[in-house]
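Subject: The structure we talked about

Hello,

Here is the structure I promised to pass on to you. Have a look around first, and then read on for my notes.

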Amino acid sequence: MKIRGAKVVLEALKSDGVKAIFGFPGGAVMELYDEVLSAVDAGNVRHVLCRHEQGVAHAADGYYRALGEVGVGFSTSGPGGTNLLTGMATAFLDSSACLYVSGQVPTSMMGTDAFQEADMFGLTLNVTKHNYKVTDVHKLPYVMKEALAIAQTGRPGPVFIDLPRDVQQKEVEFDPSMAVNVKANNDSLDKTKVKEAVKMLLQAERPAILAGGGVLMSGAWNELVQLAELLMAPVSTTLVAKGVIPETHPLAMGMAGFHGRRTANFPLINSDVLLAVGCRFSDRVTAWQQSVWSKTQIIHVDIDFAEIEKNLPVDMYILGDAKKVLTEMLNQISNVEMNGKKLEWSNKVKELKELCDCNLEFEDVPIKPQRVMRELSKVLSNYKRHVVTTEVGQNQIFAGHFLKSTHARSFLTSGGLGTMGFGFPAAIGAKVAMQVSGQPDAPVIDVAGDGSLMMVCQEFATAVENEIPVVIALLNNRWLGMVKQWQKLFFGARYSATNLGQVPDFVKLAEAFGAKGEVVVRPGEIREALERAIKEGVPYVVDIKTDPEEDILPMVPPPKGLNEMIGGRCPPELVERCG
């Protein structure tokens, strides 16, 4: 039986098990949205009407990150599509499996500068894993099936489809069982290399592990912990991989990098063998002086050959999915003999971790952000499943440092692109993921800054109208905090365009959209306010007045290396031992 192209899109999503779509309609997707209505009425899918296409893109991304299933976003042509670009770039740099579909002017009008025409195929080339311009309806069934497979196969990533209106209107045969030929570039595994890597790790006196987003995407967190325990190797994580090892684990050293923890950076540059799994060695991790890595032999595991030695020379690489590689490593390790040197290293790492037990009991007013993270960690420890998203800036790094993440897919943040405004719509997507997967009581909290929240505050309407009870823990210091911090440290405290003033009143703003909120000014009020916000079961902002002079430290000042961190409240003994 023939169906119109618009229905092909919905039928392909249904056959792939897609449970939710985020979108914003317009003239070029009238047929597509007519089919959305039919699919929703039939109970095949949930549609969430966002209030801006950037919100659509981030919500789909948050859905994927929380659930591990493809996130889907729809928009109309022209500005609808271009508004998706920031979200697509965010998903691309953090390897999120998303499918974005934008309408386009009819094929007969393409190239005429028609109303709301934009070259979305050209614009999306550099921010997607793959993209399509579908001008023949007969190709659409295969394109849909292939696009969904590409997004989720190998290294995940966003895929974009540019869909002209006349292609949506024309009819074509569609077989939902149609097979597509999509394989990961590195589907085979060189077991000889794995054996050599295992030998290096077993012989190492100071082994260490750096876990990146690839561990998260492949679902390899259990294998990671098992291997670390066998080797007694400390595990540092990248920002986006936070939670792949419970941060209460004795071997979990925290977030690494130039805004990372001293204890997380120490093993990276002081180990004799470093196993780096599913990471890009971005500048956020390596900082600016690569010579400090020279004493370490690096084994790099990644599914994407393009990442090998792109940013840092390595001594060995293994191409493959993180879960497959780590599983094979575990299969090859039959017995680990802990020699005296390895025990010495293990004990030193343990001492450093104990020294890094930061004081988060601040009673100061204005409130210190560290205290907020302490209280939030305690509140969330009462829930078996929860998700925290963040915006970008000081709020993100305070959460990266001080929030205790205890399971994978529980900490969602924009790592590669550093997108302000990511956290709130991503939280909406994550909460929908919890709802459609039978975990509606799992709390979803956005750790926000006032600068970021203002960029996407219209999504309060999305949360309220769609009954998506996310909580915003707002670190409100009335500044663009991270930019202010850099101006303070490196530009003589010349504060240019970083003070946000005194508007708006965020509680009144939330209430104007039908959400709820309250202001917190004292440390002792934080926990009860967060608990109330979760239990209310509606979108809720907890406006926490934080100290604008509290910087997120330590950090590596440019152009230094990981061994030259500055500032922070670290004990002198820890600073001395970390070098």
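Below are the features that I found, grouped by topic.

Please keep in mind that this is a predicted model.

**Salt bridges**

A good place to begin is the charged side chains, since a search of the whole structure finds 30 salt bridges. One of them joins R4 and D34, with 2.5 Å from N to O. That pair ties together distant parts of the chain: R4 sits in strand β1 (residues 2-4) and D34 in helix α2 (residues 30-41), 30 residues apart. Both partners are partly exposed, R4 at 23% relative accessibility and D34 at 40%.

Another bridge to look up is the one between E351 and R577, at 2.7 Å from N to O. Here the two ends are 226 residues apart, with E351 in helix α15 (residues 340-355) and R577 in helix α24. E351 is partly exposed at 37% relative accessibility, and R577 is also partly exposed, with a relative accessible area of 33%. If you would like a sense of scale, pick R577 and L125: their C-alpha atoms are 47 Å apart in space, and 452 residues separate them in sequence.

K170 and D166 form a salt bridge as well, and their closest N and O atoms are 3.9 Å apart. Are these two partners buried or partly exposed? K170 counts as partly exposed, at 42% relative accessibility, while D166 counts as buried, at 12%. Finally, there is a network of salt bridges that links E361, E363, R371, R374, E375 and R527.

**Cysteines**

How many disulfides are there? The count comes to zero. C50, for instance, is in no disulfide, and the nearest cysteine sulfur, which belongs to C98, is 12 Å away. C50 counts as buried, at 1% relative accessibility. C578 is buried too, with a relative accessible area of 12%. The closest cysteine sulfur to that of C578 is in C356, and the two are not bonded because 7.7 Å is too far for a bond.

**Covered helices**

Two helices are worth finding in the viewer. Helix α12 (residues 262-270) has eight of its nine residues buried, so it is largely enclosed by the rest of the structure. The buried residues of α12 are R262, T263, A264, N265, F266, P267, L268 and I269. Helix α17 (residues 394-402) is mostly covered, with nine of its nine residues buried. Among them are Q394, F398, H401 and F402.

**An internal cavity**

Rolling a probe the size of a water molecule over the atoms reveals where empty space remains. In this model, the search finds one cavity of 30 Å³ or more. The largest cavity holds about 60 Å³ of space. Its lining is made up of R65, D94, G213, L216, M217, V240, F411, L412 and T413. Two elements give two or more residues to that lining, α10 (213-218) and β16 (411-412). Which of the elements gives the most? That is α10, with three residues.

**Backbone details**

Most peptide bonds are trans, and most residues other than glycine have a negative phi. The next few places depart from that pattern. The bond joining L553 and P554 is cis, with omega at about 10 degrees, and the bond from P558 to P559 is cis with omega near 5 degrees. P554 lies in the loop between β20 and α24, and P559 is found in the loop between β20 and α24 as well.

As for phi, S95 has a positive value of about 60 degrees although it is not a glycine. S95 lies in the loop between α5 (85-93) and β5 (98-104) and counts as buried, at 8% relative accessibility. M232 also has a positive phi, near 55 degrees. M232 is found in the loop between α11 (221-231) and β10 (235-237), and counts as partly exposed at 28% relative accessibility.

**A nonpolar surface patch**

Last, turn to the surface, where L489, F490, F491 and I566 form a nonpolar patch. Together these residues have about 330 Å² of accessible area. I566 belongs to the loop between β20 (540-545) and α24 (572-578), and is partly exposed with a relative accessible area of 30%.

Enjoy exploring, and do write back with any questions.

Best wishes

Conventions. Residues numbered from 1 in each chain as written. Predicted model: local features only at pLDDT ≥ 70, side-chain atom pairs only at ≥ 80, totals over all residues. Heavy atoms only, no water. Patch = residues over 30% accessible without salt bridge, like charges linked within 9 Å, V, L, I, M, F, W, Y side chains within 5 Å. Areas by Shrake-Rupley, 256 points an atom, 1.4 Å probe, with all protein chains shown as cover. Salt bridge = Lys/Arg side-chain N within 4 Å of Asp/Glu carboxyl O. Helix = DSSP H or I, 4+ residues; strand = E, 2+ residues; numbered from the N terminus. Buried < 20%, exposed > 50% of the residue type's maximum accessible area, 1.4 Å probe, protein only. Disulfide = S-S within 2.5 Å. 1 Å grid on protein atoms, 1.4 Å probe; cavity = no way out; pocket = protein on both sides within 12 Å on 5 of 7 lines; lining within 4 Å. Points joined across faces, edges and corners; volume = space filled by probe spheres on them.
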